[in-house]
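Work through the exercises below with the sequence and the coordinates open. Each task is followed by a stepwise solution.

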Amino acid sequence: MTLKLKDQFSYLLPGYVLIFGINGNIKFANQQFETEFEGINNIYNAHDKGFKDNLNYSVQELINSKSNNGNIVTYLKHKTKDSGIWIKWNLKFDRNSKSVFANGQDFSEDYNFQEIMKDAQSAAEIGIWEYDIEKNKTIWSEVVYDIHEIEDRSQFNLEDAVDFYHPDSKDLIENAVQEAIIHNKPWDLICQLNTAKGNTIWVRARGRKKINDGKTERLIGTFQKIDANKRLELSLQKAEENLAQIIKYTPAAVAMFDLNMCYIAHSDRWLEDYKLKDQHLIGRSHYEIFPDVLDRWKEDHKRVMNGETLINREDEWKRKDGSTVYINWELRPWKDSNGEIGGLIMYTQVITDQVKNRKHLESLIDELNRSNSDLEQFAYVASHDMKEPVRMINSFSDLLRLKYADQLDEKGKTYLSKIKNSSERMTKMISSLLDYARIGQNSERQTTFLFSKSLNNVLEDQSKFLSERNAKVSLNSSDHEIYYNPNFLRIILTNLIINGVKYNKNVNPEISIDLEKQENDLIVKVRDNGIGIEKGNEAKVFGIFQRLQNSSDYAGTGIGLALVKKIIESGGGNITYESDGKNGTIFIFKLRSVKKE
């Protein structure tokens, strides 16, 4: 798998990328080489005899050396250029596959034929050096200075020359020099170098000692810049390592198949999810491993082999053993170095537990909705049935007061008044309870209207109540059109306004309303100058039948704010409040006011 994926990566690299055998037969060529050099099957035969021999010789040098790296400049016939082009090749010999990996760059625009012939050594970035042991002086060729990026061509002693090496390579080169001097051991090392301009590059350093009349006089060797080739090698190596890590540790199961649906590779999670840890899968058919693969999945595999990408976020698989598995999967084709589909990659995630939990939750929600519906229906029926006997109590109280008032003493009249007040309060409470129950059943349609129109209707309905208490209600912002249930908005405003006036010790209660449009919502703020709400009562404010003040001080049913909250939330909005417990309260609610298309 790694080679195929690397080939696909290399195919798109800039420059010329080749893999060829010792005999010169090309095993792989990237897109740019195939486009610019047509019909070349053997890299040796593509060159004139001189360059053919040089290239062949360079490859043999690679085979016989330990480092496996080299450079050469060749002249190659171009598809569209009569004169051809000059290419500098970075070569690497892979002993396992007995193949040469070559990365070439076009030097024709920078150097003409004569310059390349003259500076072939420089183009290959191979320099020569000597070290005079007795004088402790180094002699470098021009290329060595260029590689070090040194403009001053002065000589260096051994210590200064070694100081150019990167700290990770310095000990390595120092030991190699000592081994050569003492034990006559040559070296051929790949090291990192810090140039005079502060650049860190990869170089190949080769050296040996030269003996004259049995005496070691000097060290000699070559120095080659291999930075581009080495970085390419490290980049490919890193890419392969990252790919291996991704496949191995991906949280979903991953497997790669050929055109016959035989395993090429798989992740550890694949073995874990499908309980295959004791099995060897590579080379075996997917349908052998899973004989109960669904027929429709086999058809999906064929579609992907034809180039489609398929995704299913939740699929049900009834296994042969009677179990049911739910899977989230993706199928994608992969291509070989020739751009042909070579098989498919399958990403899966077993989501059986998540699906079962979701279905269980959906079942609980359905059950809860049914329970709420039953409770709403019960509250509606119960409130309706309770209203009739209360109406009878109220009616007979009126008759008793009209016909027998002169026969009652003061205590009897007081009792009768209390019965009358209690029955009226009970009537209001039942009506509020009916309104509360209807919220879940109300089928009134929403319509478009001005907010001020609903407010004016409420003020007209409550004009007597507001006038008796010298209360003032004002809309302090510009009016807004709203798409909402007008009856619901009437109930909301009525309760908040009455509460703001009722729970108020001021001689002139004041209610101010501000509107603010926020995208699809209308934000409404209802501010009063009443007694406020003490801290610590947040949980009780919107509770049904919850009262913060004594009924003897402030009359009420304990349903109003609960009803307001239920109406607002049933429409997708919300309500909160702000109060310091002394200086009034601000109720802030959001209404979903967008008309659905």
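**Exercise 1: a helix pair**

α15 and α17 are oblique to each other, because their angle falls in none of the other classes (under 35 degrees roughly parallel, over 145 roughly antiparallel, 65 to 115 roughly perpendicular, the rest oblique). The model is predicted, so local features need pLDDT of at least 70 and side-chain atom pairs pLDDT 80 or more, while totals for chains, interfaces and linings use all residues. Residues are numbered from 1 along each chain as its sequence is written, and side-chain values use heavy atoms, without hydrogens and water.

Task: describe how α15 and α17 cross and which residues make the contact.

Step 1. Helix α15 spans residues 451–461 and helix α17 residues 486–502. Helices here are DSSP runs (H or I, at least four residues) and strands are runs of E (at least two), numbered from the N terminus.

Step 2. The two axes come within 9 Å and cross at roughly 55°. Axes are lines fitted to C-alpha atoms, for helices over the stretch in contact, and angles run from 0 to 180 degrees between N-to-C directions.

Step 3. The crossing is right-handed (the near helix is turned clockwise from the far one by less than a right angle).

Step 4. From α15, the contact (heavy atoms within 4.5 Å) takes in F451, S454, L455, V458, L459 and D461. From α17 come P486, L489, R490, L493, T494 and I497.

**Exercise 2: the sheet beside the helices**

Task: give the strand order of the open sheet of 5 strands and place α15 and α17 on the sheet.

Step 1. The order is β17-β19-β20-β22-β21, with mixed pairing (at least two DSSP bridges between two strands).

Step 2. The edge strands, each paired on one side only, are β17 (472–475) and β21 (574–579). From one strand to the next, the twist averages 15°.

Step 3. Inside this order, β20 (residues 521–528) and β22 (residues 585–592) pair in the antiparallel sense over 7 bridges. V524 has F589 of β22 as its bridge partner.

Step 4. α15 lies across β17, β19 and β20, at about 175° to β17. α17 lies across β17, β19, β20 and β22, at about 175° to β22.

**Exercise 3: one residue**

Task: is N229 buried or exposed?

Step 1. N229 is found in helix α9 (residues 227–249).

Step 2. N229 counts as buried because its relative accessibility is 8% (buried is under 20%, exposed over 50%, partly exposed in between, with a 1.4 Å probe and protein chains only).

Step 3. Apart from neighbours within four places in sequence, N229 contacts N69, N90, L91, K92 and N103.
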